[in-house]
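This report is a guided reading of one protein model, written for someone who is new to looking at structures. Please keep the sequence and the 3D view open while you read, and find each part as it is named.

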Amino acid sequence: MALGLIVKTGRILTAKLLLGQAVDGITHCAIGDGDASFTDPQNPPAPDIGQTGLRNERARKRYYKRTFLKEDAEGALLVNGVRYLETGEETNTIGIFFRFDEAEANGITIREYGFFGGDVQYVESVTGDLAMGGVFHQDTNPTGEVLHPGYLYEVKNIPDFNKISDTRVELVGIIKI
């Protein structure tokens with residue numbers, strides 16, 4: 001499977017972190033069902049380097065784990081043919097783990113996902129790690145639960161995957177520096 005695309009705002013987030021500015025690194029993963037350009041369920045369109053969000057965000061979740069990783073033939077985590085092992089030692093590879101449990105985000109045909117950092121904030125009524133309905137906008141999306149989307153770091157478009165109640169979706173961002 002092709003790698004995701006690190007977009008312009010992801011590069012800005014990285015630059016801010018390297019300058020020591022007070023911003024959060026990657027903290028959230030959003031899933032979406034795309035837009036009218038997603039015409040072939042098995043061949044999604046390429047993401048755009050200028051994207052600042054998903055084309056149609058439906059749900060967003062805060063990470064449950066961030067850790068250093070190292071390549072290891074016996075590692076339990078397999079991503080794009082490479083096995084990784086979690087490690088306490090500092091390496092140039094990190095993993096950021098997101099999980100949409102069986103009871104979360106059901107009925108969504110996932111066609112796109114992205115990793116976000118910076119100043120992500122949910123609307124006041126959301127008290128947990130999950131926000132539904134995309135980015136809040138008073139006129140165009142008053143039911144969205146994401147108040148500030150933050151910086152889109154990386155985006156990936158995938159063949160259609162239907163999230164249903166007996167399915168847990170685990171997404172792992174692997175960042176090699």
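## The largest pocket

The model is a predicted one, and a good place to begin is with its pockets. Rolling a probe the size of a water molecule over the atoms shows where empty space is left. The largest pocket holds about 770 Å³ of space, and E13 gives the most to its lining, with eight residues. Strand E13 covers residues 169-176, and it is one of several strands that each supply at least two residues of this lining, the others being strand E5 (77-79), strand E6 (82-87), strand E8 (108-117) and strand E12 (151-163).

In total, 28 residues line the largest pocket, and those that lie nearest its centre are Val79, Asn80, Tyr113, Lys156 and Val172. When the lining residues are sorted by chemical character, 21 are nonpolar, three are polar and four are charged.

## The second largest pocket

The second largest pocket contains about 320 Å³ of space, and its lining is made of 14 residues, with Leu17, Ile26, Ile94, Ile175 and Ile177 lying nearest the centre. Which element gives the largest share of this lining? It is helix H1, with four residues; strand E4 (65-71) and strand E7 (93-100), like helix H1 (8-18), each supply at least two. By character, the lining of the second largest pocket divides into nine nonpolar residues, four polar residues and one charged residue.

## The sheet of six strands

Strands of a sheet pair through backbone hydrogen bonds, either parallel or antiparallel. In this model, six strands form an open sheet in the order E1-E12-E8-E2-E3-E10, and their pairing is antiparallel. Strand E1 (5-6) and E10 are the edge strands, each of which pairs on one side only. Helix H1 packs on this sheet, where it touches E1, E8 and E12, and the direction of H1 makes about 135° with that of E12.

Looking at single pairs of strands helps to fix the arrangement in mind. Strand E2 (residues 26-32) and strand E3 (residues 57-62) run antiparallel and are joined by five bridges; within this pair, His28 stands opposite Arg62 in E3, while Gly32 stands opposite Glu57 in E3. Strand E3 also pairs with strand E10 (residues 130-132), again in the antiparallel sense, over three bridges, and there the bridge partner of Arg60 is Ala131 in E10.

## The sheet of five strands

Another open sheet has five strands in the order E5-E6-E4-E7-E13, also with antiparallel pairing. Its edge strands are E5 and E13, each pairing on one side only, and neighbouring strands of this sheet are turned against each other by 40° on average, when direction is ignored. Within the sheet, E4 and E7 run antiparallel and are joined by four bridges, and Thr67 stands opposite Gly95 in E7.

## Three residues in loops

Some residues between the strands also deserve a careful look. Tyr64 is found in the loop between E3 and E4. Is Tyr64 buried, partly exposed or exposed? Because its relative accessibility is 37%, and the class between buried and exposed runs from 20% to 50%, Tyr64 counts as partly exposed. Leaving aside residues up to four places away in sequence, Tyr64 touches Phe97, Phe98, Arg99 and Glu170. Tyr64 and Tyr151 are 87 residues apart in sequence, and the distance between them in space is 19 Å, C-alpha to C-alpha.

The other two residues are worth reading together with a general rule about the backbone. Most residues other than glycine have a negative phi, and most peptide bonds are trans. Asn80, which was named above as one of the residues nearest the centre of the largest pocket, has a phi near 50°, a positive value in a residue other than glycine. Asn80 is found in the loop between E5 and E6, and it is partly exposed, with a relative accessible area of 44%. Ala105 has a phi near 60°, again a positive value in a residue other than glycine, and its place is in the loop between E7 and E8. Ala105 counts as buried, because its relative accessibility is 4% and buried means under 20%.

Note on methods:
Residues numbered from 1 in each chain as written. Predicted model: local features only at pLDDT ≥ 70, side-chain atom pairs only at ≥ 80, totals over all residues. Heavy atoms only, no water. 1 Å grid on protein atoms, 1.4 Å probe; cavity = no way out; pocket = protein on both sides within 12 Å on 5 of 7 lines; lining within 4 Å. Points joined across faces, edges and corners; volume = space filled by probe spheres on them. Nonpolar A, V, L, I, M, F, W, Y, C, P; charged D, E, K, R; others polar. Pairing = 2+ DSSP bridges. Contact = heavy atoms within 4.5 Å. Axes fitted to C-alpha atoms, helices over the stretch in contact; angles between N-to-C directions. Buried < 20%, exposed > 50% of the residue type's maximum accessible area, 1.4 Å probe, protein only.
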